[in-house]
Amino acid sequence: MMLLRLPATLAVLLIVAAIGVLPSVAPRADAAPREVTVATRDLTPFVMNQDSVRTGFTIDLLKEIAKHTEWRYTYLDFDNVQGLLNAVADGRADMGAAAVSITGQRAKQFDFSQPMLNAGLQIIAPSSNTERAQPGLIDFLKLLFSKTMAVWLWAALVLTVIPAQIIWLMERGDHDSMVSKSYFPGIFQAFGLGLGMLAAAPFDSPRQWPIRTITILWTFISIIFVAYYTAILTTNLTVERITSQISSPTDLVGKRVCTVANTTSPPALSRIGVRYTAAPQIEDCYTGLENGRFDAVVYDAPVLQYYVAHRGAGIADIAGPIFKHEDYGIVFPVGSPLRREFDDALLAVQEDGEFDRLERKWFGTGG
């Protein structure tokens with residue numbers, strides 16, 4: 001009977017021993033936060049680093065994520081998105097965060113979180129209210145040497161031929177005449193007089209009353225000619241300014257366009273046949289637009305919208321809607337366990353309303 005009870009007693013002792021051990025392997029409430037290295041780059045308004053103080057939409061979102069995951073971040077700064085991706089690929093960073101577009105090519109090399117923001121590419125162009133958008137010297141020179149100017153100058157010459165002949169014929173015999181008695185010197189003088197009248201330039205009154213009559217009639221003709229000529233040139237100049245405005249990607253053809261190298265913007269522009277300048281940083285594009293070196297800037301919509309609402313207010317305007325939709329996500333090495341933790345925390349931040357608050361804070365949008 002004792003032999004039958006021994007295994008049961010031993011089993012009870014083992015269970016008690018196991019219960020006594022369990023508390024020692026359970027997670028401690030005061031466990032140290034997990035150190036997570038984040039590769040990032042300055043990109044207003046997602047990441048901004050001034051005087052070693054980081055702010056921005058992405059930084060604020062990571063802080064909210066940390067409340068649910070107990071992560072503690074160490075940041076690595078890079079100049080561009082390619083440097084950020086390289087740091088994640090070679091293991092220097094556990095994740096990359098700024099405004100990284102989720103693309104098919106990148107998804108083959110990395111794991112991405114659920115989209116943290118829906119956006120895409122957009123265009124900004126000089127504001128129509130700025131002085132630079134008004135006709136300037138270049139516009140005047142284009143018009144001065146345009147076909148329209150040539151046609152009207154030719155019309156003025158043809159229109160003056162007959163009055164010049166009449167003036168020379170009637171004035172050549174007068175001793176105090178304004179024109180020479182010889183034909184070629186005289187006809188050129190009469191021609192100059194006719195052009196001067198057509199342009200409303202001051203001149204000495206002719207002595208012969210028929211010529212004075214012609215002069216009066218010619219003065220009325222000159223008023224009509226100059227008024228109509230001015231209206232045509234003004235209309236052409238206005239149309240030139242209107243047609244030069246940009247409202248869609250197709251309007252970028254032939255324009256001086258700036259974008260940022262090693263991003264999704266250059267391939268998108270190449271696909272629609274737009275030539276561009278690929279700058280290292282978006283700040284270079286802003287400076288070029290402000291200085292008149294570029295007609296448009298193409299880049300991520302939230303970045304451009306923030307610029308237009310702040311530094312670029314009154315300088316640039318949004319030109320048309322988003323033309324290539326993209327999602328932004330956090331990038332992880334393939335198979336990283338942090339991705340699932342991040343997605344769970346992102347869902348919690350969205351459900352508790354903090355995500356909407358961040359959107360309103362940085363972009364003026366959100367539920």
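Two residues are in contact when heavy atoms lie within 4.5 Å. With that criterion in place, the tour can begin on this predicted model.

**The whole chain.** Display the entire protein: there are 13 helices and 12 strands. Of its 367 residues, 38% count as buried. Among contacts with a separation of 6 or more, 69% join residues 24 or more positions apart.

**Helix α12.** Select residues 338-351, the 14 residues of α12. From the first C-alpha to the last, α12 reaches 20 Å, close to the 20 Å expected at 1.5 Å a residue. Next, highlight L338, F342, D343, A345, L346 and V349, which are buried in α12. To see what covers these buried residues, add elements including the strands β1 (34-41), β4 (71-78), β5 (95-101) and β12 (324-332), together with the helices α2 (57-69) and α13 (354-363).

**The residue after α12.** Move to G353, just after α12, where phi is positive at about 90°.

**The pair α2 and α13.** Keep α2 and α13 in view. Their axes are 10 Å apart, and the packing angle is about 160°. Angles over 145 degrees count as roughly antiparallel, and α2 and α13 are therefore roughly antiparallel to each other. The crossing of α2 and α13 is right-handed.

**The contact itself.** Which residues of α2 meet α13? Select F57, D60, L61 and E64 on the α2 side. On the α13 side, select E354, F355, R357, L358, E359, K361, W362 and F363. Colouring the residues of this contact by class gives six nonpolar, six charged and no polar.

Key. Residues numbered from 1 in each chain as written. Predicted model: local features only at pLDDT ≥ 70, side-chain atom pairs only at ≥ 80, totals over all residues. Heavy atoms only, no water. Helix = DSSP H or I, 4+ residues; strand = E, 2+ residues; numbered from the N terminus. Expected span 1.5 Å × (residues − 1). Buried < 20%, exposed > 50% of the residue type's maximum accessible area, 1.4 Å probe, protein only. Axes fitted to C-alpha atoms, helices over the stretch in contact; angles between N-to-C directions. Parallel < 35°, antiparallel > 145°, perpendicular 65-115°, else oblique. Left-handed = near helix turned anticlockwise from the far one by under 90°. Nonpolar A, V, L, I, M, F, W, Y, C, P; charged D, E, K, R; others polar.
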